[in-house]
Every structure is written in structure tokens, then in C-alpha cells.
Amino acid sequence: MIASSKKTALILLLASSLTIASSFTPKSLLTHHRAATSLKVAIDPEVVSKKDYESICGIGFESYSLQERLEKANYLYPKHVEVIKDFDHIVARMVDNVLLDTGEHSWQPQDYLPDLSKEGWLEEVQELRGMAQEVPDELLVVLIGDMVTEEALPTYQTLLNTFEGCDDPTGTTESAWARWSRGWTSEENRHGDLLNKYLYLGGRTDMRSIEVTIQHLITSGFNPGAEKDGYRGFVYTSFQERATKVSHGNVGRLARQCGDTKLAQICAKIAGDEARHERAYQTFVTEILKRDPNGLLKVFGDIMRGQIVMPAELMTDGLDAELYENFSNVAQRLGVYTAIDYAEIVGHLVKIWDLEHIEGLSSEGEKERDYLCNLPRRYMRLAERSMQKKKPAHEEPMKSFNWIYGREV
């Protein structure tokens, strides 16, 4: 029994050593080295028998079969990676044309906030606080929820880097996809910063409770079901960027109605960023559809059967286990983001990708196309029905939020 364990350990050690070594050895050298070996094996058969190796590892240890296995196991979605890499040049154009300049030429949160280093800062802060006083608590709760979602940005960049063929393996990789990921993140980073500082200066929120919520959300993570697949990832981001744009735009509209023109300006600026990013991700999907329509439709249909996961669904302040649901209900009540918005976004994607007119599909692809093209109407009927069944706002139970010192909305 002990001898068998030692043999197993030796086999696994040798197998892992080969994998590690091949990762750091130029392919040409590996090929040359193996060609020069008359036995053409990666593991000496005098040490470990072929039967033992295959019993433990499930494959032969001849160099050609092991190399083939490693190449096939490199990606979960090799065809998807091939398609995605085929439009690298378009991604490079997006980096140059969609993302804004950095540094002095870009907008920054400070451009929309009082400068505390200059004379007159106190009057500017008082003006901001005066307008913020006019924002009702229920709109404040939705704004905080949106800000918390934006502040969980590290989670979203982590997600982008899981998409096969789109990652940034070194952190400074110069591929088009890596530059897009970093550029997108740098722009999104401004959103949470700006909203956070606005809320701090406004003086109506429990910033510590909000900060605890942000830390919980980043710690809890986020799984939208992308499964490392760029196809799934870009369908998701196409949806989510539009949803975020809708939410920020509606908060800004309601803020203007309340008289807070500063908050309206801030939300409009952030919504503008989301609109640019939305167009980019939707373009990525358009390019995939040109190259692999059946594959993309299969993924899109699968995602919609499971519905879209919102990025802040694991939100908690450590006290309210139903914080996300309570925040979401307030957002729906105000019309900031509703089931009708969800249905409209699905309809927009079906239209913008012109799914109805895609040709040359397999029978399975045609079924997915028909399912997706009929989905917006079905969702809209369900959304309208659910909205009609909702109780009037004055009949909804009030919920307290620690973000606003326990006040109820």
C-alpha cells in the first residue's frame, strides 16, 4: 500500500514537473529536445510504467499525446477564442476611438465638486448641501445603491480578465483586449469616486455604513454566469452597461425635478460614459455574430433562459440580509429601473444585433433566433402584468436603511 502511494506520488510529481517546465521552455526547444530522444517519451518508462501512468492520469505519457492534451486543455472555448482574436484590430480601434483621453484631457470627479483648496470653497459646499437637502430619502437610497455598485469595480475588472482570449495576463500586456480592459476600468473608476464624494459632502448619509456595504460587496464577489466565456461575457456587459445607463439617467432626471442640478449634472456625465461603453460591448457581439452566429445565439439564448444577474445582488451592510431586495424595490417604485426597463433592454439588443435577419443558421440556430426574437414581447407582457399587480406606493411596507441613519422609505 505504501509502495503504491509512493508510485502514485512520483507519477503526479513527474507529470506536474513536465507541465511546469513546458510552460517556461520555448516551443522550439521542446520540439528539438523531444525529437532528439529516441524513446520520444516525456517520462522515463523505466521509472514509471506506461500502464501505471495511464491508470493515474488517464492519458499516455508519449510526448506527442501529452502535448496534444495540453494544447486542447489550454482553453475551455478554443473556437470562441479564435473568433474573438480575429477582430483584435477592431478592439484596438475601440481603445483609440471609444475610450477618452487620460490625464489632463479627461474629465475627473474634481471637475464637478467644490475645490477645498481654493477660496470660496465653503460657499460651494454650502450650495451643494443646500441642493442635496431637496433630494428625498427614497431617491437618496437608490443613489447610494448605484454608488455602491460602481465602487465594486475591482470585482468587474477581475471578471473581464477571466474571459478567455481577452485577459491581461501580466497586468501590463499590450494586446488590444488588455488595453481595453484597463482603459475601461480607469473610466469606470471615476463613477464611484464622484458619487462617493458627492454623498460625503452632502452630509445626509451614514458614510461608514455605506463603506461597510462596499467592502462586503467586493468581498462577496460576483458571478454573472460568464463561465470564462467571452461570448457570454460580452452579451452580459452589453446588457449591463445599458441597464446602468438607464439607472443613472433616471436618477439624474429625478434629481433635476427636485432642484438638485449638481446631482443631475453628475448622473448625466456618468450615464454618458456608460453609453459609450455599451456601444463598444455591443459592437464586440456584432463582430462575433459575423463570424459565429450559431455559437453566439446559443449562448445568448442560454443566458436569457437563466435571466441576467444584477452585479450588486450580494449587497449587504452586515445587518440587513435583504438589503439588495429592499434597494431594488425602491428603485422600481421610483421608476429608476423596472421590469419594463429589463424587457426594453432585451428588445434593444435583439434589434441592434438584427437577429431577425440573420441568415445561414443551423436548425438549432434558427430555433434560438426565433426564441430570442419573441422574447421581448413576452417579457413586456410579463413586466406590464407585474407592474399592474404591484400595490400603490402608499400601501407598500416601509423599510429602514442604515445608509440614511435608519430612516424609513
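Trp-121 is partly exposed because its relative accessibility is 37%; the class spans the range between buried (under 20% relative accessible area) and exposed (over 50%), with a 1.4 Å probe and protein chains only. The residue sits in helix 7, which covers residues 121-132. Helices here are DSSP runs of H or I with at least four residues, strands are E runs of at least two, and numbering starts at the N terminus. Trp-121 joins Leu-116 and Leu-122 in a nonpolar surface patch, and the three together have about 290 Å² of accessible area. Patch members need over 30% relative accessible area and no salt bridge; nonpolar side chains (Val, Leu, Ile, Met, Phe, Trp, Tyr) are joined within 5 Å, like charges within 9 Å. Areas follow the Shrake-Rupley method with a 1.4 Å probe, and for residues only the protein chains shown count as cover.

The model is predicted: local features require pLDDT of at least 70, side-chain atom pairs count only at pLDDT 80 or more, and totals for chains, interfaces and linings use all residues. Residues are numbered from 1 along each chain as its sequence is written, and side-chain values use heavy atoms, without hydrogens or water.

The protein chain contains 17 helices and two strands. It has 409 residues, of which 48% count as buried. About 21,200 Å² is exposed, and carbon and sulfur atoms supply 52% of that area. Contacts (heavy atoms within 4.5 Å) reach far along the sequence. Among those with a separation of 6 or more, 79% link residues 24 or more positions apart.

The largest nonpolar core holds 103 residues. Such a core is a set of buried Ala, Val, Leu, Ile, Met, Phe, Trp, Tyr and Cys residues joined through side-chain atoms within 4.5 Å. Trp-180, Tyr-198, Phe-234, Phe-239, Met-304 and Leu-355 touch the most other members. Beyond its neighbours within four places in sequence, Phe-234 contacts Ile-84, Phe-163, Cys-166, Trp-177, Tyr-281, Phe-284, Val-285 and Ile-288. Of these partners, Cys-166 is buried, with a relative accessible area of 4%. Cys-258, by contrast, is partly exposed at 26%. The disulfide count is zero, where a disulfide is a pair of cysteine sulfur atoms within 2.5 Å.

His-277 lies in helix 13, residues 261-291. With 0% relative accessibility, this histidine counts as buried. Its contacts outside four places in sequence are Leu-99, Trp-184, Glu-187, Glu-188 and Glu-241.

Side chains of opposite charge can pair when their charged atoms come close. The whole structure yields 18 salt bridges, each a side-chain nitrogen of Lys or Arg within 4 Å of a carboxyl oxygen of Asp or Glu. One of them pairs Asp-292 with Lys-79, with the closest N and O atoms 3.6 Å apart. Asp-292 is in the loop between helix 13 and helix 14, and Lys-79 is in helix 5 (residues 78-85), so this bridge ties together parts 213 residues apart in sequence. Asp-292 is buried at 6% relative accessibility.

A second bridge joins the side chains of Arg-204 and Asp-137, at 2.8 Å from N to O. Arg-204 belongs to the loop between helix 10 (176-202) and helix 11, whereas Asp-137 belongs to helix 8 (residues 137-151); the pair therefore ties together parts 67 residues apart in sequence. Arg-204 is buried, with a relative accessible area of 12%. Asp-137 is also buried, at 18%.

Asp-370 and Arg-369 form another salt bridge, with an N to O distance of 3.6 Å. Asp-370 is partly exposed at 41% relative accessibility, while Arg-369 is buried at 17%. Elsewhere, salt bridges with shared partners connect Asp-86, Glu-287, Lys-290 and Arg-291 into one network.

Positive phi values occur at two non-glycine residues described here. Glu-227 has a phi of about 55 degrees. Its place is the loop between helix 11 (207-220) and helix 12 (230-258). Glu-227 is partly exposed, with a relative accessible area of 49%. For Gln-307, phi is near 70 degrees. Gln-307 falls in the loop between helix 14 (293-306) and helix 15 (323-334). Its relative accessible area is 46%, so Gln-307 counts as partly exposed.
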